[in-house]
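User: Please take a close look at the annotated binding sites in this model and the residues around them. I would like one connected description, with the surrounding chain context where it helps.

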Amino acid sequence: MGSLEEAIEGLKKFLSNKDDVAVAQIEKLITGLQETDLNEFDPVKRILEGFQHFKINKFDKHPELYEKLAEGQWPKFLVFACSDSRVCPSHILDFQPGEAFMVRNIANMVPAFDKLKYSGVGAAIEYAVSVLEVQNILVIGHSRCGGIKRLMTHPEDNSTPFDFIDEWVKIGLPAKVKVQAEFGDLPLEDQCKHCEKESVKLSLCNLQTYPYVQMGLANKKLRLMGGYYDFVHGKFELLEFEPCFHHLFST
Amino acid sequence: MATLSPTSFTKNFNSSVDFPITSFQTFAIFGPKLKTEQTHFRLSTSFKTGSCLELKAMKEPPGLTQKLDKNRLDGLTESENGCDLFQDLKHRFLRFKKHKFEENLGHFQNLAEGQAPKFMIIACADSRVCPSVILGFQPGEAFMVRNVANLVPPFESGPSETNAALEFAVNSLKVENILVIGHSRCGGIRALMSMQDEVDSSFIRSWVIVGKNARLNTKSAASHLGFDQQCRHCEKESVDHSLLNLLTYPWIEQKVAKGELSVHGGYYDFVDCTFEKWTLDYKGSNLGKNSRLPVKNRFYWC
């Protein structure tokens, strides 16, 4: 983790540089960091520490990897994850630079194909599948999702509408309806947990409404998966989506 | 509260597309108790006998080709085999659980009760620029939106996933900082700069058009430069335009004017490993249509 002390130690390594101007600037930076009032959060210093830590411990230590990545990316995954600060897939699934093209939005939702309404998601899917030719799409839901809770509680709780949030989370309405039908007698917290998982399944279904995803599945070049990260109990579930036909009836 | 019976759910399932019955196989649960569960979920939809999925050949949008080197980077998973992939994901999670989650259990238990991130980040979906990696954001620190070309649409464009996230971060989580991070060699910006006037039906075009003002400014200011340099110019110009678009949201503008919320731009160059950062210097005055973005505290780290 990028701590103040680590950043200062990292900078000190550059003091052996022969360039006097650079050395003077580094010394000034170190003094500034040392005088930091540690009780006051300084966003700029936080970003600097983080970047320095990355540069010293990752970028500079793997020059061949980063040189290759500078020329292009060949991620094997397209990942949809929630914007929640606690669930970044780079942490929980240790994705390294170059491995996962990553979309993050409220409640990790994938809406059905709609070029007017949902061009942002569509652009990401089109780019990842058609241009980057990812082999796997992984949608990751998580515990205690604020977006799913909003979906499950509004507008029944008569809360003030949110202009944008409510419009977005209603993508998950079919999941809410299903959960309320099957688990409507459970406490809200349990219903939300079911909906968090149901919404992942809904998103996987919605992915199939994109032509390039359909083509990838038909050619067996694309795999769809759903994940669920439970940060309360430290667990992860993975499921594979297998579209198949089941004969229902003949007359 | 009235509840719907399962039958009425099936009939009322809101889908404009017929797709096949699907089954889900729960593969594994990774955690203290490793067990495999087999469950099947049948999502019933209307099904037409003899229907087929219409497959359209996608015309590749201009400016997006990258030389796909067949000698691909080997990630941690060398095999394309499904089982190996699942095992790899499992082991990645268990590594995280052992080295981070369990070693900081108290912290994660607190986080489970609620998040109070100080940052909202808007970054590109590009696999090389995850802010958790390049800026070291740890769980709980940054609420994150990632889309193609890290674009922020203006208020008047209506609801989108990006402004839903803004609304949540600013009005519910009450973050103190918004940071929009652009980056080098952005495919989305390249697509924006490559767009011709003819009708192009791609999604990518429909989305990156959000950055059209950045493209206009770039064409007028940097037309003497080569195309790659123009793209680089546009990558930074687009961040500035996203910062301006943030101010079109009344609840953001008010907080920035009062000093309760700081808005920053950033640019990560992964060729040289440098990071530029600047802060919007907005004091409530109206910005003219063509006025330059007032900034302060511009840093360049290399």
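Analyst: What follows goes through the annotated site in each chain, then the backbone irregularities, and last one helix.

The model is predicted. In chain A, an unreviewed UniProt entry carries the annotation "binding site" for A:Cys82, A:Asp84, A:His142 and A:Cys145. These four residues are spread over 64 residues of sequence, yet they cluster in space, with a largest C-alpha distance of 9.1 Å.

Two of the annotated positions can be followed in detail. A:His142 belongs to strand β3 of chain A, which spans residues 136-142. With a relative accessible area of 2%, A:His142 is under the 20% limit and therefore counts as buried. Neighbours within four places in sequence left aside, A:His142 is in contact with two other annotated residues, A:Cys82 and A:Asp84, and also with A:Val87, A:Asn108, A:Glu196, A:Tyr228, A:Tyr229 and A:Phe231.

A:Cys145 sits in the loop between β3 and α7 of chain A. Its relative accessible area is 3%, so A:Cys145 is buried. With its neighbours within four places in sequence again left out, A:Cys145 is in contact with A:Cys82, A:Ala107 and A:Glu196. A:Cys82 and A:Glu196 thus appear in the contact lists of both A:His142 and A:Cys145.

The unreviewed UniProt annotation "binding site" in chain B covers B:Cys124, B:Asp126, B:His183 and B:Cys186. Here the sequence spread is 63 residues, and the largest C-alpha distance is 9.1 Å, so these residues also cluster in space.

B:His183 is part of strand β4 of chain B, residues 177-183. B:His183 has a relative accessible area of 2% and is buried. Beyond residues up to four places away in sequence, B:His183 touches the annotated B:Cys124 and B:Asp126, together with B:Val129, B:Asn150, B:Glu235, B:Tyr267, B:Tyr268 and B:Phe270.

B:Asp126 is in the loop between β2 (119-124) and α4 (131-134) of chain B. This residue counts as buried, at 2% relative accessibility. A polar atom of the B:Asp126 side chain lies 2.8 Å from the backbone nitrogen of B:Arg128. Apart from residues up to four places away in sequence, B:Asp126 touches B:Arg146 and B:His183 in chain B, and A:Gln73 and A:Phe101 in chain A. The surroundings of this annotated residue therefore draw on both chains.

Another residue with a contact across the chains is B:Ser160, found in the loop between β3 (142-147) and α5 (161-172) of chain B. B:Ser160 counts as buried at 10% relative accessibility. Its contacts, other than with neighbours within four places in sequence, are A:Trp168 and B:Pro153.

The backbone also has some irregular points. Most residues other than glycine have a negative phi, and most peptide bonds are trans. B:Arg185 is not a glycine, but has a positive phi of about 50 degrees. B:Arg185 is placed in the loop between β4 and α6 (187-194) of chain B, and with a relative accessible area of 43% it is partly exposed.

In chain A, the phi of A:Asp94 is near 55 degrees, likewise positive in a residue other than glycine. A:Asp94 lies in the loop between α5 (89-92) and β2 (100-105). At 23% relative accessibility, A:Asp94 counts as partly exposed. A cis peptide bond, with omega about 5 degrees, joins A:His154 and A:Pro155. A:Pro155 is in the loop between α7 (146-153) and α8 (165-169) of chain A.

As for the wider context, chain A has 11 helices and 5 strands. Of its 251 residues, 61% are buried. Among contacts in chain A with a separation of 6 or more, 65% are between residues 24 or more positions apart. The chain exposes about 10,500 Å², of which carbon and sulfur atoms supply 53%.

One helix of chain A shows how burial is arranged along an element. Helix α4, residues 63-71, has A:Tyr66, A:Leu69 and A:Ala70 as its buried residues. They cover an arc of only 105 degrees around the axis, which puts them on the same side of the helix. The exposed residues A:Glu64, A:Glu67 and A:Glu71 are on the face turned away from that buried side. The cover over the buried residues includes α3 (43-59) of chain A.

Definitions and conventions. Residues numbered from 1 in each chain as written. Chains lettered and ligands numbered in written order. Predicted model: local features only at pLDDT ≥ 70, side-chain atom pairs only at ≥ 80, totals over all residues. Heavy atoms only, no water. Buried < 20%, exposed > 50% of the residue type's maximum accessible area, 1.4 Å probe, protein only. Helix = DSSP H or I, 4+ residues; strand = E, 2+ residues; numbered from the N terminus. Arc of directions from axis to C-beta. Contact = heavy atoms within 4.5 Å. Areas by Shrake-Rupley, 256 points an atom, 1.4 Å probe, with all protein chains shown as cover. UniProt positions renumbered as here; feature names shortened; annotations may be inferred. Polar contact = N/O pair within 3.5 Å; in protein donor to acceptor, adjacent residues only side chain to side chain.
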